[in-house]
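User: I'd like a close look at one part of this model, with the cut-offs spelled out as you go. Here it is.

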Amino acid sequence: LGLRWRVLLSDTTASRSFFGASLSAGLLINYALPGPMGEIMGGWLLKREDGTPIITGLTASTLARLIGLFTAAIGSVILWWWVDIELSIAKTALQVLILGIGCGGLLLIALSVQAEKIAARVRDKDDYHPLTLVSRSLLQIRKLSIRQLGQAMLFSALGHGTAFMGVWVSLIAIGGSPSPVDIAFVYLVGTCCGTVAFLFPGSQFTWDAIFIGLLMSAAGYDAGNATIATGILRVEQIVMMLFGAIPLFWILWRQEHK
């Protein structure tokens with residue numbers, strides 16, 4: 001994810017390790033505070049690192065999120081054809097959900113085409129307002145080269161693949177042999193559904209409920225095992241977030257001692 005952010009910034013001189021460490025720290029901040037506070041902090045750290053304006057770094061990180069969402073949407077729609085869902089009610093619900101995700105991906109493309117009009121409508125908003133950041137990101141898409149966009153989508157796919165492997169291995173470790181296709185589908189759909197979770201502190205519980213439902217409907221888990229599995233994944237995520245404090249202090253210490 002750090003590499004994805006970096007390729008969207010043409011003029012940066014910051015190292016690859018800086019972007020990875022900065023994102024790790026930002027995930028910790030996003031977990032505790034509402035709004036895109038982790039992204040704002042990442043933009044601030046980048047300004048201290050190589051002088052990139054905060055709004056430039058923040059726009060690029062917002063754009064990286066949109067590309068990640070688009071990549072997850074594509075994966076969800078593709079994997080839908082390989083997932084076997086037995087319950088007709090669950091299948092109908094997921095069909096509606098996948099349709100919505102697919103339409104969301106197409107909407108991102110349509111919004112990019114209309115980026116100038118959107119930017120004109122929100123120009124009176126604050127520079128750090130979410131709508132302003134999204135409009136700036138949509139404008140930035142038009143300026144990306146094919147190579148930049150391709151690299152960003154590749155790094156998004158690698159990031160999603162790494163996260164999926166972590167989820168799948170964790171589920172195997174607690175027992176059972178879930179299908180990798182089913183778990184990949186559950187992870188990608190859960191990612192698409194949880195895109196707004198970072199705006200509200202504590203709303204991770206909403207993602208947990210979504211993930212439990214997806215494990216039951218798409219991966220064949222019963223309610224008890226799905227709840228236990230999701231609880232273990234949540235504990236793993238919290239531990240990973242806490243490790244974000246280490247790179248944060250490392251960056252701050254290094255920047256103070258340049």
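Is Glu49 buried or exposed, going by its relative accessibility? Please start there and follow the contacts outwards.

Analyst: Glu49 counts as buried because its relative accessibility is 15%, where buried means under 20% relative accessible area, exposed means over 50%, and partly exposed is in between (1.4 Å probe, protein chains only). Before going further, a word on the ground rules: this is a predicted model, so local features need pLDDT of at least 70 and side-chain atom pairs count only at pLDDT 80 or more, while totals for chains, interfaces and linings use all residues. Residues are numbered from 1 along each chain as its sequence is written, and side-chain values use heavy atoms, with hydrogens and water left out.

Now the surroundings. Glu49 sits in helix α3, which covers residues 37-50; helices (H or I, at least four residues) and strands (E, at least two) are DSSP runs numbered from the N terminus. Skipping its neighbours within four places in sequence, Glu49 touches Ala14, Phe18, Arg254, Gln255 and Lys258, contact being heavy atoms within 4.5 Å. Take Ala14 from that list: Glu49 and Ala14 are 35 residues apart in sequence, yet their C-alpha atoms are 6.6 Å apart in space.

Arg254 is the partner to zoom in on. Side chains of opposite charge can pair when their charged atoms come close. Here Arg254 and Glu49 make a salt bridge at 3.0 Å, N to O; the term asks for a side-chain nitrogen of Lys or Arg within 4 Å of a carboxyl oxygen of Asp or Glu. Arg254 belongs to helix α12 (residues 245-256) and Glu49 to helix α3, so this bridge ties together parts that are 205 residues apart in sequence. Unlike the buried Glu49, Arg254 is partly exposed, with a relative accessible area of 22%. Arg254 also has an aromatic partner: its charged end sits over the ring of Trp250, 4.8 Å from the ring centre. That label requires NZ of Lys or CZ of Arg within 6 Å of the ring centre and within 35 degrees of the ring normal.

Phe18, another of the Glu49 contacts, leads into the aromatics. Phe18 pairs with Phe19 edge-to-face, at 5.5 Å centre to centre and 80° between the planes. For the cut-offs, rings of Phe, Tyr and Trp (its six-membered ring) pair if their centres lie within 6.5 Å, and planes under 30 degrees apart are stacked, over 60 edge-to-face, and the rest tilted. Phe18 has a relative accessible area of 0%, so it is buried, and Phe19 is buried as well, also with 0%. Trp5 joins Phe18 and Phe19 in one aromatic cluster.

Back in helix α3, Glu39 is worth a look too. At 11% relative accessibility, Glu39 counts as buried. Its contacts beyond four places in sequence are Asn30, Leu58, Ser61 and Arg65. With Arg65, Glu39 forms a salt bridge whose closest N and O atoms are 2.5 Å apart. This one links distant parts of the chain, Glu39 in helix α3 and Arg65 in helix α4, 26 residues apart. Arg65 is partly exposed, at a relative accessible area of 32%. Glu39 and Ser22, for their part, are 17 residues apart in sequence and 9.1 Å apart in space, C-alpha to C-alpha.

For context, the structure holds 4 salt bridges. One of them joins the side chains of Asp208 and Arg234, at 2.7 Å, N to O. Asp208 is in helix α10 (residues 204-218) and Arg234 in helix α11 (residues 223-242), 26 residues apart. Both Asp208 and Arg234 are buried.

The aromatic tally is 5 pairs. Among them is Trp80 with Phe185, which is tilted: 6.1 Å centre to centre and 40° between the planes. Trp80 lies in the loop between α4 (54-79) and α5 (88-113), while Phe185 lies in helix α9 (residues 180-193), 105 residues apart. Trp80 and Phe185 are both buried. Helix α9 also holds Val181, which is partly exposed at 31% relative accessibility.
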